[in-house]
There are 2 protein chains.
Amino acid sequence: MNSVIRETIDRLIDRVNAISDVGPGFTRPSYSRLESQAHAVVAEEAGALGLEVTRDAGLNLFARLPGRDRSAPAIYVGSHLDTVSMGGAYDGQAGVSGAVALVTAFVKSGEQPPVDIVVTVTRAEESVWFPVSYAGSRAALGRLTAQELQAKRSDTGRTLYDHIEEEGGRPEEILAGPGLAPARFIELHIEQGAVLDNAKEPFGIVSGVRGGLRYREARIDGIWAHSGGPARCERADAVFALADLIVGMDRCWEETLARSQDLTVTFGRVDAASSEHAFAKVPGRVDFCVDLRSDAVSVLDELDSLFRAQIDKIEKARGVRFDLGAQSRSQPTKLSAALGDQIARGASRLGYSPRRMLSGGGHDAAAFAQAGWDSVMMFLRNWNGSHNPDEGMDPADLAAAVEVVHAAIRDDGKGGDY
Amino acid sequence: MNSVIRETIDRLIDRVNAISDVGPGFTRPSYSRLESQAHAVVAEEAGALGLEVTRDAGLNLFARLPGRDRSAPAIYVGSHLDTVSMGGAYDGQAGVSGAVALVTAFVKSGEQPPVDIVVTVTRAEESVWFPVSYAGSRAALGRLTAQELQAKRSDTGRTLYDHIEEEGGRPEEILAGPGLAPARFIELHIEQGAVLDNAKEPFGIVSGVRGGLRYREARIDGIWAHSGGPARCERADAVFALADLIVGMDRCWEETLARSQDLTVTFGRVDAASSEHAFAKVPGRVDFCVDLRSDAVSVLDELDSLFRAQIDKIEKARGVRFDLGAQSRSQPTKLSAALGDQIARGASRLGYSPRRMLSGGGHDAAAFAQAGWDSVMMFLRNWNGSHNPDEGMDPADLAAAVEVVHAAIRDDGKGGDY
């Protein structure tokens, strides 16, 4: 069985990654033509296995393998195929190819699964493109709002509504609902950090997904000046102001971790109006974004207060003005302990004892959980972080994880809650 | 006389600034077609006054009004017409139009000056384009090196040699020398800071020019990662590393000023690989430049040591790598006290008592001083800093300064050292 799984994984990852904008790495924007082409690869592979392939109004793709008990809640398995700009070979791709490998293993062995398995390929999971969390899966779940459909893609400036329609979707139907009835969802995904790699473990079971608080388009306005001109006290230097804020937030981060609370702090997209700047100018403007993540809403709220308090102080001290723009949030989410236990039993039968761990990044599994599904994830060892061209993954780890899910599904209804 | 001076100033500034790349502000790169066109305006105006117009091998422009004593050292008066990208209406332009207004005042009144006055329009004063200090005036002075002629322009990537040749200059002849014999140079220029404006004084006499130490193309390499992924201690965040450095250098700056030493510290061109970045990424790279200025070489040397010591510490603490690129320097320069005194006497005769002050920015006057000329500057009140589209200047202040220089030159040879 393992060789069928491995071959399927390798082939799918290669075929999907052949579809990308220019490198380094892989780029398939959300609701782009490239994302649609990647979905078509899965549709073709699933069709060849004899599966029934459908697309919903939000263009999420479903390929259903019928089970013995068609009245039991189906098990959806999958992930997404969009990427960040210049992302890696595995973020999303791994889970989709794992899902195809899973149904291939059932089909090729001639064994019908106990319940329907639905290969699930969501859209628009990477919210760098549209400032909307889990746009594709939430469309499938009937949870996307009319306002969110007006969100603009960061590269084109055009709305989510327009991009869905352009790729052949039906935005009005998304809003009409009702979306999928609650069932079960399993997502395989590379770990964003190096916990598994440091521990030399091939995979883990994810018990919850961190929430996030973002200011995606913040800026500081100071006053442009000649670098040899104004005295120190006369300057309104946007870059010094940002450095104060970053170092201050670094201290808050350290203190939060010291209280054993969960937090990450990231500043990015820093750009001191570089086309307008020169070494002989005091920078009068800097753009940036901030991303705070935690498993607790209370920590995010507290950090947001500290962030704003620092900004007040810096504005007074430096004579600059901050404009934070809109705040966006994703909620911390608990995943299904019961479905996690079922996977743990499958793992145990194959000789594994995967750890339970938190996810730092947001994932579609969180959207399914928030919609009342039993939803769980498995993380795969990755030694190079994610959202970069060098993402690492051993296909053997993914194949082993697929075998674990295969074992867990075969036993469906026999043990524990299922 | 004042009305002739004012009209000339207003007309010249308007005509020159009509020549610019797209705004905001004014852009005429060094040794660009736009800079050549601006020079042609002055050539035409000087020609109309009957002055002899010449250009040297480096395309600096000279328009000579003969004086009564043709054997005495001539007084060159002028500035430059190139600008930084999106600069202001006065940096350089003011001094050139003031020089044209000065000779116009002599010509229109029918009074021959005591010595030759040479309207001087230098090239390539703004070293943001080529990483070479005072390229044009140093070409005129026979002090430009073959190596410097290979410096590349920041926007085109082509060499100073090529750009000079393309505009009609003769780079080999610049190298052959010998350049202008020492004479006298007076430059009128807007102040880069707000000392005069805060003191409500129209102009000042500059006694020295600060030197600079720059890293124009520095970068930090960290490791790209998912913002929710690696733990705090596992990250190599380029932006946090830069913030540490900026805040550390801010402390050094404060301490240096507390010791009554002269210093400015500016970080700019900060760009965290913004096209590759997204809010969900830990930034793996940031580019920046640093500009340190002081009236003392010893202070620049000390700050450079502190800068490097901090970088060593940050590299160890953050797991990032700095690449500072090449260092460039300009030397602190004393201007002529004797010529400053002569201008002060001219001012006094007209009822002014201008302060003596330091220049934060570099100027052609420093290049002339370094070549053994008696060289001095007058600063004009400016309430919006320089190197930005909002540079401020009251043409009445410039006209008054031109009258002061006119008075100082009329008395040439009569008082003090001259």
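Is Y134(B) buried or exposed, and what is its relative accessible area? In this predicted model, Y134(B) is buried, with a relative accessible area of 5%. The residue sits in the loop that runs between β4 and α4 of chain B, and its phi is positive, at about 50°, although Y134(B) is not a glycine. A124(B) belongs to the loop between β4 and α4 (135–140) of chain B. Phi of A124(B) is near 50°, again a positive value in a residue other than glycine. A124(B) counts as buried because its relative accessible area, 3%, falls under the 20% cut-off.

Chain B also offers a helix worth a closer look. Helix α2(B), residues 33–48, comprises 16 residues and spans 23 Å from its first C-alpha to its last, close to the 22 Å expected at 1.5 Å a residue. Its buried residues include L34(B), A38(B), V41(B), V42(B) and A46(B), along with the charged-letter positions E35(B) and E45(B). The buried residues of α2(B) pack against two helices and three strands of chain B, namely α1 (2–17), α3 (93–109), β1 (52–55), β2 (61–65) and β4 (117–122). After α2(B) comes G50(B), with a positive phi near 85°.

In chain A, the strands β1, β2 and β4 can be followed through their pairings. Strand β1(A), residues 52–55, runs antiparallel to β2(A), and four bridges join them. T54(A) has F62(A) in β2(A) as its bridge partner. The two strands form a hairpin with five residues between them, and L59(A) in the turn has a positive phi of about 70°. Strand β2(A) is also joined to β4(A), residues 117–122, by five bridges, again in an antiparallel arrangement; here L61(A) stands opposite V121(A). Strand β2(A), residues 61–65, is mostly covered, with four of its five residues buried.

Turning to helix packing, α3(A) (residues 93–109) and α12(A) (residues 395–410) meet at an angle of about 50°, with their axes 9 Å apart. This angle makes α3(A) oblique to α12(A), and the crossing is right-handed. From α3(A), the contacting residues include A94(A), G98(A), A101(A), L102(A) and F106(A), while those from α12(A) include L398(A), V402(A), V405(A) and I409(A).

Finally, cis peptide bonds occur in both chains. In chain A, such a bond joins G23(A) and P24(A), with omega about 5°, and P24(A) lies in the loop between α1 and α2. In chain B, the bond from G177(B) to P178(B) is cis, with omega near 0°; P178(B) is found in the loop between α6 (171–176) and β5 (184–190).

Methods:
Residues numbered from 1 in each chain as written. Chains lettered and ligands numbered in written order. Predicted model: local features only at pLDDT ≥ 70, side-chain atom pairs only at ≥ 80, totals over all residues. Heavy atoms only, no water. Buried < 20%, exposed > 50% of the residue type's maximum accessible area, 1.4 Å probe, protein only. Pairing = 2+ DSSP bridges. Expected span 1.5 Å × (residues − 1). Contact = heavy atoms within 4.5 Å. Axes fitted to C-alpha atoms, helices over the stretch in contact; angles between N-to-C directions. Parallel < 35°, antiparallel > 145°, perpendicular 65-115°, else oblique. Left-handed = near helix turned anticlockwise from the far one by under 90°.
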